[in-house]
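Welcome! Let's take a walk through this protein together, pausing at a few places along the way.

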Amino acid sequence: MVCGIIGITANEDSLAKPLGGLIKEALKRLEYRGYDSVGFAVITRGGVLEVRKSKGMIDAVAQRLGFDSFTGSTGIGHTRWATHGGPDDRNAHPHTDCGGRVAVVHNGIIENHRELKELLVAQGHEIRSETDTEVVPHLIELFKARGYSPYDAFKKTVEALRGAYAIVAIDVDEPNRLFFARNTSPLVIGIGAQGRFIASDVVAFINYARKVIVLRDGEAGYVTLNDLLVEEMTRDGDTITWRPVDVSSRLRTVEWSPEMATKEGYSHFMIKEIHEQPYALASTLAAARESVESLARLLAKSERVLLLGAGTSYHAALTSALLLRKYAGLWAEALISSESSWYLKTLRSGDVVIGVSQSGETIDTLKGIKEARVRGALTAAVTNVIESTIAREVDLTAYIRAGPEIGVAATKTFTSQVALLSYLAVRTGELRGVLKQSNTSPVYKALEEIPGVASAIISSVERHASWLADAMCTKSSAYYLGRGLGLPIAMEGALKLKEIAYVHAEAYPAGESKHGPIALVEEGFPVLFVVVGSDDEDLIKSNMEEMRARGARIIVVSPKNAEEISSLADFQFEMPVLHEIASVITYVIPLQILAYYTAVRKGLDPDRPRNLAKTVTVF
Ligand code: M6R
């Protein structure tokens with residue numbers, strides 16, 4: 001399950017708004033993680049546990065259930081993306097014990113929930129939902145009934161769980177404590193003037209706390225207004241040991257400003273983040289040398305590199321593999337994370353495996369990285385999130401600096417990934433002696449100009465917003481075709497259209513399109529071509545001719561001086577004439593904007609595409 005969770009403990013009198021309102025605000029910021037149901041629980045001054053939850057999206061549910069009116073000093077909240085149990089009121093979190101004294105929110109999957117449920121039912125507990133999560137409050141209740149203190153009962157419960165979890169619990173018998181446990185799913189503590197917070201992502205509480213501690217797998221504990229206890233659980237066969245952890249050295253200050261997690265006047269996060277690309281690229285590229293240097297030095301001595309990624313990050317990995325081959329003369333291959341274990345079987349000692357992941361939490365990528373480590377590979381990560389799970393799992397990390405990305409559809413993080421990976425390829429080529437200074441200088445110069453170029457492309461494409469909106473909204477299918485570096489960009493454009501505008505968009509190598517896909521093409525069928533650089537221009541022209549002859553409506557993203565290409569198209573996104581590395585970073589922008597306006601014209605919400613969540617921590 002990919003969900004957003006929040007816990008708050010505060011001095012009620014010093015709060016800027018009632019606790020229920022603060023929880024609502026946090027959940028709104030976590031909405032990108034799931035939005036099929038929502039709920040909260042607070043412990044009132046009178047020591048009563050109040051729980052409100054329902055199917056539906058946060059604004060509507062919060063208004064209907066009156067979140068804002070609930071006061072108290074300790075509470076939890078949850079926004080859900082359903083896996084176990086449908087998205088209905090009963091399965092919405094928080095879940096409670098039979099006695100209504102314990103409430104729990106959870107992100108992840110408890111793999112042994114069936115056997116735990118059987119055990120609990122045999123002990124007389126009434127399980128009311130279909131979720132895996134509900135076993136947790138009942139287990140706490142069970143251990144308390146056996147004489148354990150609330151915290152010890154919580155720890156005994158954690159010991160019984162298998163799987164992935166970030167859990168926050170409250171208990172009326174310890175009304176000022178937030179109990180927490182983490183294994184695989186992210187959890188971060190925030191320490192602020194008004195209170196202490198614990199959430200799936202710092203964006204949940206960034207308005208109130210910027211000093212944070214990222215929890216690690218196997219850690220559990222509790223936080224109060226004045227106290228924090230973190231313990232680490234280790235298993236050795238059947239023996240479980242808890243050891244206190246000194247987390248003071250892990251306290252850090254978040255540099256992101258609260259404004260970065262708001263829409264700042266844009267209609268949606270997606271379009272805001274598209275517009276943020278010049279800044280994201282400038283920040284990423286300004287630190288690129290420092291960020292990639294260790295990895296480039298490692299690759300300079302290596303023979304083979306495998307890049308793993310899912311969704312958009314896979315497309316970034318594909319561009320990287322092509323660039324490492326071309327600019328660094330290195331054997332490089334991109335793998336879809338969830339398929340990678342088939343390929344990782346033949347890893348050789350000295351191979352480098354790089355996980356590309358915006359969030360640093362995608363479980364398919366994490367699994368591939370772990371497997372690569374076990375097989376003796378050196379591992380690295382390219383990610384946007386400091387201290388994310390994948391970042392901590394690998395030997396080396398290179399960070400993009402795109403800032404928080406809230407829109408479910410990745411935009412600014414994709415261009416930042418491609419920018420950083422391009423830098424890596426060139427720097428590796430330099431260190432391997434494949435590129436001479438005369439070859440690298442124009443590339444570095446082109447990279448310096450990228451933020452300005454991105455800005456100009458956004459302005460010029462936005463001028464066609466209304467045409468863009470009309471272009472695809474009546475279509476049910478489209479092809480996105482490219483060759484070489486154009487192909488991963490076409491793949492990324494097709495993914496954007498699919499995921500937010502619900503248009504079936506299929507990306508193909510342009511040369512392969514005549515081996516089957518062309519059979520679907522008839523009058524008016526949209527075919528988008530992405531032309532990056534001039535290497536394959538003549539071949540692409542043939543593919544365009546083939547499509548045109550069958551009545552396709554041809555849209556092309558290509559340099560504005562590619563006149564013959566333009567003459568074969570019904571519409572050309574006129575791109576600036578750039579070094580191919582600059583083109584591969586920026587030519588996706590029109591496709592992002594096309595997808596965005598298509599979704600908006602269809603009345604869809606691009607920030608909340610159905611069935612999707614931003615961070616996927618399930619297999
Ligand atoms: O956080 P990650 O980069 O590992 O996420 C990978 C994919 O889940 C992600 O790129 C997904 O495909 C996005 N919805 C794309 O817009």
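Which backbone nitrogen does the side chain of Asp 171 reach? The model in front of you is a predicted one, and in it that side chain comes to 2.9 Å from the backbone nitrogen of Asp 173. Asp 171 belongs to strand β7, which covers residues 163–171. With a relative accessible area of 2%, Asp 171 is buried, because buried means anything under 20%. Setting aside residues up to four places away in sequence, Asp 171 touches Ile 43, Arg 101, Val 102, Ile 140, Lys 144, Pro 150 and Phe 179.

Now step back to the whole chain. The domain assignment gives domain 1 (4–258), domain 2 (266–448) and domain 3 (468–619). Let's look at how domain 2 and domain 3 sit together. Their C-alpha centres lie 23 Å apart, and 41 residues of domain 2 are in contact with 36 residues of domain 3.

Next, the pockets. The largest pocket has a volume of about 840 Å³. It is lined by 43 residues, and those closest to its centre are Trp 256, Asn 384, Val 385, Ile 386 and Gly 403. Three elements give two or more residues to this lining, namely β15 (252–253), α7 (277–286) and α12 (389–393). Of these, α7 gives the most, with three residues. Sorted by class, the lining of the largest pocket holds 19 nonpolar, 10 polar and 14 charged residues. Where does the largest pocket lie? Domain 1 (4–258) and domain 2 (266–448) both contribute residues to its lining, so the pocket lies between them.

The second largest pocket has a volume of about 530 Å³. Of its 27 lining residues, Ala 310, Gly 311, Ala 613, Lys 614 and Val 616 are the closest to the centre. The elements giving two or more residues to this lining are α9 (311–328), β18 (352–357), α11 (363–374), α13 (412–431) and α16 (486–501). Here α9 gives the most, with three residues. The lining of the second largest pocket has 11 nonpolar, 12 polar and four charged residues. Domain 2 (266–448) and domain 3 (468–619) each supply at least three residues to it.

There is an enclosed space to find as well. The count comes to one cavity of 30 Å³ or more, and the largest cavity has a volume of about 40 Å³. You can locate it by its lining, made up of Arg 483, Val 530, Val 531, Val 532, Gly 533, Asp 536, Glu 537 and Ile 540. By class, these divide into four nonpolar, one polar and three charged residues.

Let's turn to some residues in loops. Thr 411 is placed in the loop between β20 (396–399) and α13. Is Thr 411 buried or exposed? Its relative accessible area is 0%, so Thr 411 is buried. Leaving out neighbours within four places in sequence, Thr 411 is in contact with Met 270, Glu 273, Ile 274, Gln 277, Glu 405 and Gln 592. For a sense of distance, the C-alpha atoms of Thr 411 and Glu 574 are separated by 20 Å, while the two residues are 163 residues apart along the chain.

Another loop residue is Asn 112, found between β6 (102–110) and α3 (113–122). Asn 112 counts as buried, at 8% relative accessibility. Apart from neighbours within four places in sequence, Asn 112 is in contact with Ala 160, Leu 161 and Arg 162.

Finally, a few backbone details invite a look. A cis peptide bond joins His 93 and Pro 94, with omega about 0 degrees, and Pro 94 lies in the loop between β4 (74–80) and β5 (95–96). Thr 184 has a positive phi, near 75 degrees, in a residue other than glycine. This residue lies in the loop between β8 (178–183) and β9 (188–191), and Thr 184 is buried at a relative accessible area of 12%. Tyr 502 is not a glycine either, yet its phi is positive at about 55 degrees. Look for Tyr 502 in the loop between α16 and β22 (504–509). At 23% relative accessibility, Tyr 502 counts as partly exposed, because that class runs between the 20% and 50% limits.

Key:
Residues numbered from 1 in each chain as written. Predicted model: local features only at pLDDT ≥ 70, side-chain atom pairs only at ≥ 80, totals over all residues. Heavy atoms only, no water. Helix = DSSP H or I, 4+ residues; strand = E, 2+ residues; numbered from the N terminus. Buried < 20%, exposed > 50% of the residue type's maximum accessible area, 1.4 Å probe, protein only. Polar contact = N/O pair within 3.5 Å; in protein donor to acceptor, adjacent residues only side chain to side chain. Contact = heavy atoms within 4.5 Å. 1 Å grid on protein atoms, 1.4 Å probe; cavity = no way out; pocket = protein on both sides within 12 Å on 5 of 7 lines; lining within 4 Å. Points joined across faces, edges and corners; volume = space filled by probe spheres on them. Nonpolar A, V, L, I, M, F, W, Y, C, P; charged D, E, K, R; others polar. Domains from an automatic or database assignment.
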